[in-house]
Amino acid sequence: MTAPPTSEVEAPDRAQGKVRFRSEQRRNLTGWVFLLPAAILICLMNFYPMVQALIMSLKTGRGTRFRWADPLWENYTRLFDDDIFRTTLFNTFFYLIVQVPIMLGLALLLATLLNNPNLRFRGLWRTMIFLPCAVSLVSYSLVFRTMFATDGLVNDTLIGLHLSNAPIDWLGNTWTARIVIVLGLLWRWTGYNMVFFLAGLQNIESSTLEAARVDGANAWRTFWHVTVPQLKPMILLCAIMSTNGTLQLFDESWNLTQGGPANSTMTMSHYLYQLSFNRNPNFGYASALSYAILIMVAVLAFIQLKVGDKRD
Amino acid sequence: MFELNRRHLLAGALSAAAVTMVGCSGSDGDSEGPKAGDKVPTSGELSVWCWDPAFNVYAMKEAAKIYQKTSPEVKVDVKETPWDDIQTKVTTLAQSKKGDQLPDILLVQNNAFQKNVINYPELFADLSDSGVAFDEFGESVVGYSKIDGKNYGVPFDNGTAINALRTDLLEKVGLKVSDFTDITWDDYLTMGKDVKAKTGKPLLSAQSGQSDMLMMMLQSAGASLFGDDEKANIANNETLKVVMKYYGELMKSGVLVELNSWDQYIGSFVNSNVAGTINGVWILGSVQTAKDQAGKWEITNVPKLVGVDGATNYTANGGSSWAVSAKGDTALAADLLKKTFAGSTELYDTILPKSGALANWSPAGKSEVYKKPQPFFNNQPIYSKVVEFAGKVPSNKTGAYYYEARDAVAAAMVKVLKGTKIDEALAEAQKNVEFAMK
Amino acid sequence: MTRTRLRKIPSYLFLAIASLVSVFPLFFMVVSATNTSQEVLNSKLWPGGHLVENYRHLVQAQDLWAALWHSAANAVGTTLLSLLVCSIAGYGFEVYHSRGKDWLMGLILLAMMIPFAATMIPLFRMFAELDMINSMMAVILPAVATPFLIMLFRQSARSFPHEIIEAARIDGLSELRIFFTMFIPTMRATYAAAAVITFMAAWNNFLWPKVILVNNDYQTIPMLISNLTAGYVTDYGMLMLAVLIASLPTMVLFLLLQRAFTEGITGAVK
């Protein structure tokens, strides 16, 4: 509202503006206070060690005897000559590109199905599909390795259904082992992401869905034009988190395949852990590798935020 | 705005950083190891890290009891800690210059011993002059914890390799365990094919992608992945090529079956899917979990390579040694090890029947307890047999990059099994190890 | 009526398959906990009679109840602190939205993008200087403020109707009270999801506790399980019982918080 510039109304309006400005300012300040505990903790627990790791990535040396690398970025250029790093980079991106879209799609589908109030046994389905991520890694890897063994359940089923003539050495071949890792990831994390989508769906006004139905939109159109746009903040969050989680993937590579056969399923984080604790420790190089991961996640997250975080 | 924010945020962190830096600059004083003449305190508390309650933890607790007979004022606190965790803790404490948080005594895998001492010499006490009679241990086991002529470890857990076989399955083919004694891998292959043809079972199983079997075969001929100059010796290692050739033949003939995980490897003999196994003697603990197979197992020595200088029927896999922290009560810790693990037949006589923990310390092997026939193993006196094997195991060089080299060779073997030429695969392994050592 | 029923069959079929696949390893875990080591390695798929024996062996070998207690203290402490700190921050980011806060959010997101193995040693050094090694607080603190949870609450707050806040302000409620009495009850589903995953992450956290608890004084469940697999002989029946016990609390928590997922925002507030 624009007030006419007359001397009579000018004074109170300005005063009112001042009040509004002050309360805006105060609220902004309140906002900062709300952030403070988290910000302090993240500075101490995350940023300080990150700065230390950055310094370490510019150093070289064995054991605890470090000196500045010459040139300073030596550890970073070393990454380009490292065959094992290149393999792990490829593997990790393969998991990212194949697994994350399938997983988020499935999770979204399941969440939408389970959000239907007319569905029977909702609680039961929801619990069963969530359970995998609560199951201990030890039993999960034991079961997966047994199922995908040459004489395991999967081969028995495939042969029984005449989908395959001879047993497949799932974990012994490069591409089948990578597929097992992707299946493992899907199994463990789809229900996890579904929970966030469910939480997001709870926040959608059911009246908007009702309106769409009244307008005669079919289920698919309602889902695509009403549900998905409102769920966008949550989809974005899950996409960023899954990207981050996949680029830092460790558990599956470590437990299911031990990185094998011949490093062909090893992830970057697995290699990082090996460099730090299993092999002759090389912390300068390991830190450089971790910053390489950071940069890759940051770039991908930035792109996702740019695409998905527009405020309408 | 971005910069400003970050600076603000960092302000808090920097004050913490200032505190921390103090800790980093302090240099560690020279740590002299305990000397034979050092005065040993008569009281104190020793902390110990080791894993496996049925084995190492138990052995250390028994050792403490024996030591307390002469030094009742000494307490020993054993904390069960798996090897992976010990390695992570040692690394973290060393990098944080907090070596004083280490326990007085810790158990270290033989394969990782040199790596840890070479990287963190300030953490480990030199035991050369501690009075422990290192010549009473086999040369190859002492070698794992010997760096630059100094002894840093008291060998404990025995890794001597055995060839364990199912007598009932061999019988079906008309073979006896004695037919497998002092043989070559050629003989093993011939008999293995026979066993496979008549019983349908492989003689041997191994975990795929792992180097254990390859390393055992290599060490049996006294060969290593590193030369005397500490440089990687992989691409032109003729013994290694022979080893890989045999491994390939074992796989191709079906005499050896590879499994994808440790649990499946254990399952292969526990569930009677293979007719035998070759590994460190410690594998017998798992063999004995199959109660239905009691009396059906016997052991013998391992096959030897053909056409290789220095080939023997003896080798080892794994094992571990006690290390003493240079930051703790070193004199007392060394004294405990000297009087128990390197000086008490009573200790070994106690722990052998209950845990199967075999001595590396040769005086213990002469005890009557070792000669007792073992019902599970068809009344063979397996322990005195293993002690006999142990004395004949050739030495193996480990060094700081042993794990890199083992991983590279394991990866090369996987490629060879898929059709790559041995020379080509080994050249790549050599390149990767040299890169890691750069 | 019958048409809609028929149309639902694919949905049920899909859910049934997804559930079966999801539950199978869990089923194996439960069954294996009642079998002997040899039977587990033989992939026996029906229950046996060794549950009691496995339990006896487990409590003989390990201090199970102490480990459960330490894990519970860690997980409950972390979850409560984390939900409070992160939800108030997420709310702050969204409701008092400003460019500066957007920048800070971006910066905070960076904090989760680095693998923990790389920052663990400096973090350890910091706690060592503060003389906090071997303390439960040192286990909990690094897990309290997580970029993920902050972002989760920020994204959720985006769908929180601002009219509610405006109305409350006109009623004279303070900003903090609006958060506690309006936001928290409305966002039950988000809090439930956040509680489950924070609890689970803290409960299963392994690398950091095993490093910072140098003396193993407060051994947690994952540390206990790693003990079980570290020996020469692994008793798989006992191991499966231990991992079953380790998995139960997260499952129970999820079941308890189920209801939060069934009432939408419309039911809760209006």
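A residue is called buried if 20 or more other C-beta atoms, placed from the backbone, lie within 10 Å of its own, exposed if 12 or fewer do, and partly exposed in between. This is a predicted model, in which local features need pLDDT of at least 70 and side-chain atom pairs count only at pLDDT 80 or more, while totals for chains, interfaces and linings use all residues. Residues are numbered from 1 along each chain as its sequence is written, and chains are lettered from A and ligands numbered from 1 in the order in which they are written.

Reader: What share of the residues of chain C count as buried?

Author: Chain C has 15 helices and 0 strands, where helices (H or I, at least four residues) and strands (E, at least two) are DSSP runs numbered from the N terminus. Of the 270 residues in this chain, the share that count as buried is 56%.

Reader: Which element of chain B gives the most residues to the side that touches chain C?

Author: Two residues are in contact if their C-beta atoms lie within 7 Å, and chain B brings 36 residues to the contact while chain C brings 30 residues. The elements of chain B that give two or more residues to this side include α2 (52-70) and α3 (83-95). With 7 residues, the element that gives the most is α1(B).

Reader: Which residue stands opposite P155(B) in β12(B)?

Author: Strand β6 (residues 153-157) of chain B has 5 of its 5 residues buried. β6(B) pairs with β12 (residues 320-324) of chain B in the antiparallel sense over 4 bridges, pairing being counted if DSSP finds at least two bridges between two strands. Opposite P155(B) in β12(B) stands S321(B).
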